[in-house]
Amino acid sequence: MTVIDKLEDTVQDLEEIVSIGELCKMLGLTTRTLRYWEEVGFIESVERSGRENRGYTPYYVRRIKFIMRLKELGLTIKELQHLYRIYGGAKQTDRMIPELVSILDVHVNMIDEKMEKLLSLRNDIIAYRNKMADKLATSIK
């Protein structure tokens, strides 16, 4: 079990609010990143007791981890904003998931195209390298 999993279990069990600093440390994010995600509407923080720094409920901890995963998969901020507009305040997962699948399909197709181009470039480089090696071998004789 990772530190993040332990954090999530603890947060869910106690329904505690996790401070921005603690969450950033555990997830490897900057406070600026979380504040930006708040600005664009992906997440919300709550004010902790005694007007301490902002914090996040277990729901938003899970949501932040989900956003991190989508970012790892290559989704852009614009795509994430689109998904969260669909998800909406009503938390309509049944509307968001088909759109996410569609976006991921586009990303897979883009990666396939890049791989084809890279393979073609690789083959061109090998052919040119062999041509130059042959030319060098001929000039040495």
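Q: About how many helical turns separate Tyr-84 and Tyr-87 in helix H5?
A: This model is predicted. Tyr-84 and Tyr-87 both lie in helix H5, 3 residues apart. Their separation is therefore about one helical turn.

Q: Which kind of aromatic pair do Tyr-84 and Tyr-87 form?
A: The ring centres of Tyr-84 and Tyr-87 are 5.9 Å apart. Their planes meet at 85°. Planes over 60 degrees apart count as one class, so the pair is edge-to-face.

Q: Is Tyr-87 buried or exposed?
A: The relative accessible area of Tyr-87 is 11%. The cut-off is under 20%, so Tyr-87 is buried.

Q: How many aromatic pairs does a search of the whole structure find?
A: The search covers the whole structure. Its count of aromatic pairs is 3.

Q: Which kind of aromatic pair do Phe-42 and Tyr-84 form?
A: Their centres are 5.6 Å apart. The angle between the planes is 40°. That is neither under 30 nor over 60 degrees, so the pair is tilted.

Q: How many residues apart in sequence are the parts that Phe-42 and Tyr-84 tie together?
A: Phe-42 sits in the loop between helix H3 and strand E2. Tyr-84 belongs to helix H5, so the pair links parts whose separation in sequence is 42 residues.

Q: Are Phe-42 and Tyr-84 buried or exposed?
A: Phe-42 has a relative accessible area of 1%. For Tyr-84 the value is 10%. Under 20% is the cut-off, so Phe-42 and Tyr-84 are buried.

Technical notes
Residues numbered from 1 in each chain as written. Predicted model: local features only at pLDDT ≥ 70, side-chain atom pairs only at ≥ 80, totals over all residues. Heavy atoms only, no water. Phe/Tyr/Trp six-rings, centres within 6.5 Å; stacked < 30°, edge-to-face > 60°. Helix = DSSP H or I, 4+ residues; strand = E, 2+ residues; numbered from the N terminus. Buried < 20%, exposed > 50% of the residue type's maximum accessible area, 1.4 Å probe, protein only.
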